Amino acid sequence: MSTTGATADPLAALGSLPGVAESVESVRKAVDRVYGHRVMRRRSNEITSEAALRGARGSAALSGADWALEEVRRRSDFSADAEAMVVGAALRLTAEAGQLLSIWRQSPLRVLARLHLVAAAIQGDDVGRPRQVGEPVDEPLLELPLPDAREVSGRLEGLADLIIAGSSAPALVTAAVVHGELLALRPFTSHNGLVARTAERIVLIGSGLDPKAVCPSEVGHAELGRAAYLAALDGYVSGTPEGMAAWIAHCGRAVELGVRESTAVCEALQRGAA
């Protein structure tokens, strides 16, 4: 996303793209419905915990580790193989997200560095910092052209400036742009998809749209499928108004599906089946 131009608030300008206002309103209504559920008044902590687990499972699925929910719930060792490590990284990131909300608006780059460190769970010169010139990126499921490290640095700074400055844009728009920009840039040598989806989660929670973290967009992204996810991302990367609007709408639909998941959990708890 270009952060230069005539408008002082480019994120807010995206809210006026055709169809975006409708997506924003649809998401708001869906979120209001789940927050109004009677189970949420008494057992919101349980819904939050379940949403975190299901969100991590969905994010891991998009990064190539498509495990059944019960397998994620059952496992305690996430170091056995590559898929297990992806699932473990997704779980750690979901747990870490809530600890970083207060830092995000002041220092988003610091938060992103921390997320990569948590995801990688290893020590290394390339962990917890943006990649440098010549460093490869291990992100096999994203086949978009890879921006040069120098471009990455400039665009990350621009994104951080937008977050710190604040915007009148709806939370969905900001979350979608943060998510899309991180996927497009792949600023780290690994785990970029997991980090991008966690950053989207942080924006949705920290903005006040989903303060109890019960609307796991990662669930929706996984349900919509990797092909649709990548097709929508192509729209974002194109930078066209139509492409940007399509990506925001896709992210909105993912949030709505996350809401549907948590609503089902509420209904199960109400029936005493969970």
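This report describes the overall fold of a predicted model, then its nonpolar core, and then a few residues in its loops.

## Overall fold

The secondary structure of the chain consists of 13 helices and zero strands, so that reading along the sequence gives the pattern α-α-α-α-α-α-α-α-α-α-α-α-α. The radius of gyration is 18 Å, close to the 19 Å that the globule rule gives for 274 residues, and the chain is therefore as compact as a globular protein of that length. Along its principal axes, the C-alpha trace spans about 55 × 45 × 35 Å.

Two further values describe how the chain is packed. Of its 274 residues, 53% count as buried. When contacts with a separation of 6 or more are considered, 73% of them are accounted for by residues 24 or more positions apart.

## The nonpolar core

The largest nonpolar core has 81 residues, and the members that touch the most other members are I47, W104, L112, L115, V178, W247 and V255. Helix 9, which covers residues 171-185, supplies the largest share of this core, with 11 residues.

One of those well-connected members, V255, shows which parts of the sequence can meet at one side chain. Leaving out residues up to four places away in sequence, V255 touches V27, V31, L172, L204, C215 and S217.

## R131, a buried charge

Where does R131 lie along the chain? R131 is found in the loop between helix 7, residues 108-120, and helix 8, residues 149-165. Its relative accessible area is 6%, which is under the 20% limit, so R131 counts as buried. Although buried, R131 has no salt bridge, and the nearest side chain of opposite charge, that of D148, is 6.7 Å away. A salt bridge would need the charged atoms to be within 4 Å.

What does the side chain of R131 reach instead? The side chain of R131 reaches three backbone oxygens: that of R186 at 2.7 Å, that of P147 at 2.8 Å and that of L185 at 2.9 Å. Residues that R131 touches, not counting those up to four places away in sequence, include V137, L146, A149, V152, P187, F188 and T189. By contrast with these contacts, E181 is 50 residues from R131 along the chain, and the C-alpha atoms of the two are separated by 15 Å.

## R186, a second buried arginine

R186, whose backbone oxygen is reached by the side chain of R131, has its place in the loop between helix 9 and helix 10, the latter covering residues 192-206. R186 is also buried without a salt bridge, and its nearest side chain of opposite charge, E139, is 7.0 Å away.

The side chain of R186 has a polar atom 2.9 Å from the backbone oxygen of L183, and the backbone oxygen of A184 likewise lies 2.9 Å from a polar atom of this side chain. Apart from neighbours within four places in sequence, R186 is in contact with R131, V137, E139, L142, L144, P145, L146, P147 and N192.

## E143, an exposed residue

Is E143 buried or exposed? E143 has its place in the loop between helix 7 and helix 8, the loop in which R131 is also found. With a relative accessible area of 74%, which is over the 50% limit, E143 counts as exposed, because that limit defines the term. E143 and S16 are 127 residues apart in sequence, and their C-alpha atoms are 30 Å apart in space.

Key
Residues are numbered from 1 along each chain as its sequence is written. This is a predicted model: local features need pLDDT of at least 70, side-chain atom pairs count only at pLDDT 80 or more; totals for chains, interfaces and linings use all residues. Side-chain values use heavy atoms; hydrogens and water are left out. A nonpolar core is a set of buried Ala, Val, Leu, Ile, Met, Phe, Trp, Tyr and Cys residues joined through side-chain atoms within 4.5 Å. Buried means under 20% relative accessible area, exposed over 50%, partly exposed in between (1.4 Å probe, protein chains only). Helices (H or I, at least four residues) and strands (E, at least two) are DSSP runs, numbered from the N terminus. Contact means heavy atoms within 4.5 Å. Lys and Arg count as positive and Asp and Glu as negative; His and the chain ends are not counted. A polar contact is a pair of N or O atoms within 3.5 Å; within protein, one must be able to donate a hydrogen and the other to accept it, and residues adjacent in sequence count only if both atoms are side-chain atoms. The radius of gyration is taken over C-alpha atoms; the globule rule is 2.2 Å times the number of residues to the power 0.38.
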